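Please open the structure in your viewer and keep the selection tool at hand. The tour below moves from one selection to the next.

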Amino acid sequence: MAELKKDSSYEMGLHQEQLKGRTQQKFFSIDESANLTYFHSFEVDTNKSATIDALDMTPREINREIRALMESGIGNITVDNPMSRHGVGVGILNRLNLTFSDSLGYFGCGLIDGPNVHIKGRVGWSCAENMMAGTVVIDGNAGSTFGAAIRGGDLVCKGSVGARTGIDQKGGTIIVGGKTGAFSGFMMQRGRMIVLGDAGMNLGDSMYDGTIYVGGEVEELGVDCVPGEMTELDVRYLTEKLGNYDMKAPNGVEKMQKYVSGKTLWNYDNLEPAEKKLIL
Amino acid sequence: MCGIAGIIHKNAGKDVNIGEQMTAMLQALKHRGPDSTGYAMYGEDNGNNVVRFKVAEAADLEGSFDIHAAIEDRVAAVNSRMDDLGAKIVKKESATEYSHRYEIQFSGDMKKLADFVEDIEGVEILSIGNSLELIKDLGDAAVVSEQYGLNQFNGTHGIGHTRMATESDVDIRSAHPYWAYPFSDVAVVHNGQLTNYWTNRRALELKGHRFSSNCDSELIAVYIAERMSQGKDLESAMKDSVEYLDGVFTYLVATKDQLGMAKDVMAAKPMVVYEGDDMIALASEEVAIRTLFDHRIETFDPYHGEVKVWQN
């Protein structure tokens, strides 16, 4: 281990504290199964299918039914008549092929880690918030705060999305087939955002990492967001990524503009990888 | 939080049951605001002016021994003052003890009539118009609709509001919609918070405009009225308002033959729009619009600072 420099802060005793994981020691129990498994993650068989008619169901009933089907090993679930209800398809932590035959409301497919979701309609605000892994593909338009704070996976909207797309994005990829609204990429921290149409004002405001690609016009860049240089790697990445979803940039990916952070967060790159993971 | 909704039929005449449609949409938005529900709906113009007014708050009925006598006195005073100014009352209806609907024939100064009637203690005019019916009361849409018989209301368009009280009291005075006094047939509903309410209110009061509540949303109605009094059309007035109003908001305005929506420059408050050939429906959430359809529909979110106006 490298010698710590004895500067004034060291002399003040700020580096001598012994961190022992006190919170974990206090609350962790080896007898609790939740500490040893990924709670509510199920083994499913993608050869087994089931359909839910959600016409007269509450969001809670829909989510419980999805969970019950997963628990019984069903790997393909179709939800008919979701009727734009809020908060459905959330908290799914395993592989699953999930199809909604119509639109969802707010917070659809939030907090997921692994499923492949297809929504044959529109989604309301905050779709796939905090997504960890998997794919969510929306055929129609999406509301604001699309993909807020996602950490992984692909979130794809074939239509246009509202304001603050990818706010606080921490990883993964957001793809928008049409326009995106104001403050998209606000406080973006990592990951990629691909917008094939126009972007509203304050794009990438206060972002400190990550990459935004825009195929159309940008109304205005936000603070800290600057144009980046498109490389051959970017072109290859965009071609392959869009190809996965049968999408194309209207004027070709070579003509897309790349945007990155023009300012490094103080001490951001000095953090060790493990520490970065804690923060992000 | 609050929920707002609107609907306008373009080619259907005036025989569409918009009361039932508005109730379905507003009931679907109940979770956004259960405190009060209000409607501004536009029906048949039979040549008379429709005056909707209240002479007490619903809560007053439980809080005072002499309120019933006071209500009778106030109604009598309204009748007398209308008569004094030459307004002929041709029809009277009362859904509740405190809420009244008059059809009047009057060709004089409507502002003078409104001021004279509202000068009576406890009396507030909710709306005046040839086709506008503005109804608001405590409770959800099902309760208010039942109370006022709105599920039989035919017309061309309407706007509505479900309120979660944040800036002012839970009472009818603070419920939406707001009539754009003194303009007949203009009403506003709003979801959001206006941060320059008091500054702008004082400026408008100095110009002679009246505010009946302490609800920031009323500022929008009064401001639209102010701009229209200067000759602006609805769309221009609404575009001006996006710059004039500070805060986060989405609001709807309805006139005798138009429905408009405006969104703040931060796009901070929700609005979903369905734009069909014969009908436009708007709401804070798509779940409200879906109560009108049994099939998949295409909807979209308007963008920051956007103003749209539709004609029936």
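Which residue of β6(A) does V136(A) stand opposite? Select V136(A) in this predicted model, and you will find L155(A) standing opposite it in β6(A). Widen the selection to strand β5 (residues 133-138) and strand β6 (residues 154-157) of chain A, which pair in the parallel sense over four bridges.

Next, colour chain A by secondary structure, where there are five helices and 11 strands. The 11 strands form an open sheet with mixed pairing, and you can follow them in the order β1-β2-β3-β4-β5-β6-β7-β8-β9-β11-β10. At its edges lie β1 (45-53) and β10 (225-228) of chain A, each of which pairs on one side only, while the twist from one strand to the next averages 15°.

Now add helix α3 (residues 59-71) of chain A, which packs on the sheet and touches β1 and β2 (74-80), its direction making about 155° with that of β2(A). Before leaving this chain, you may colour its residues by burial: of the 280 residues of chain A, 44% count as buried.

Turn then to chain B and select V188(B), which, neighbours within four places in sequence aside, is in contact with residues including P177(B), A180(B), I224(B) and V253(B). Both V188(B) and A180(B) are among the residues with the most contacts inside the largest nonpolar core, which has 146 residues. Helix α7 (residues 218-229) of chain B gives the largest share of this core, seven residues. Finally, select domain 1 (3-43 + 135-311) and domain 2 (46-129) of chain B: both give residues to this core, so it lies between them.

Methods
Residues are numbered from 1 along each chain as its sequence is written. Chains are lettered from A and ligands numbered from 1 in the order in which they are written. This is a predicted model: local features need pLDDT of at least 70, side-chain atom pairs count only at pLDDT 80 or more; totals for chains, interfaces and linings use all residues. Two strands pair if DSSP finds at least two bridges between them. Helices (H or I, at least four residues) and strands (E, at least two) are DSSP runs, numbered from the N terminus. Axes are lines fitted to C-alpha atoms, for helices over the stretch in contact, and angles run from 0 to 180 degrees between N-to-C directions. Two residues are in contact if their C-beta atoms, placed from the backbone, lie within 7 Å. A residue is buried if 20 or more other C-beta atoms lie within 10 Å of its own, exposed if 12 or fewer, and partly exposed in between; C-beta atoms are placed from the backbone. A nonpolar core is a set of buried Ala, Val, Leu, Ile, Met, Phe, Trp, Tyr and Cys residues joined through C-beta atoms within 7 Å. Domain bounds come from an automatic or database domain assignment.
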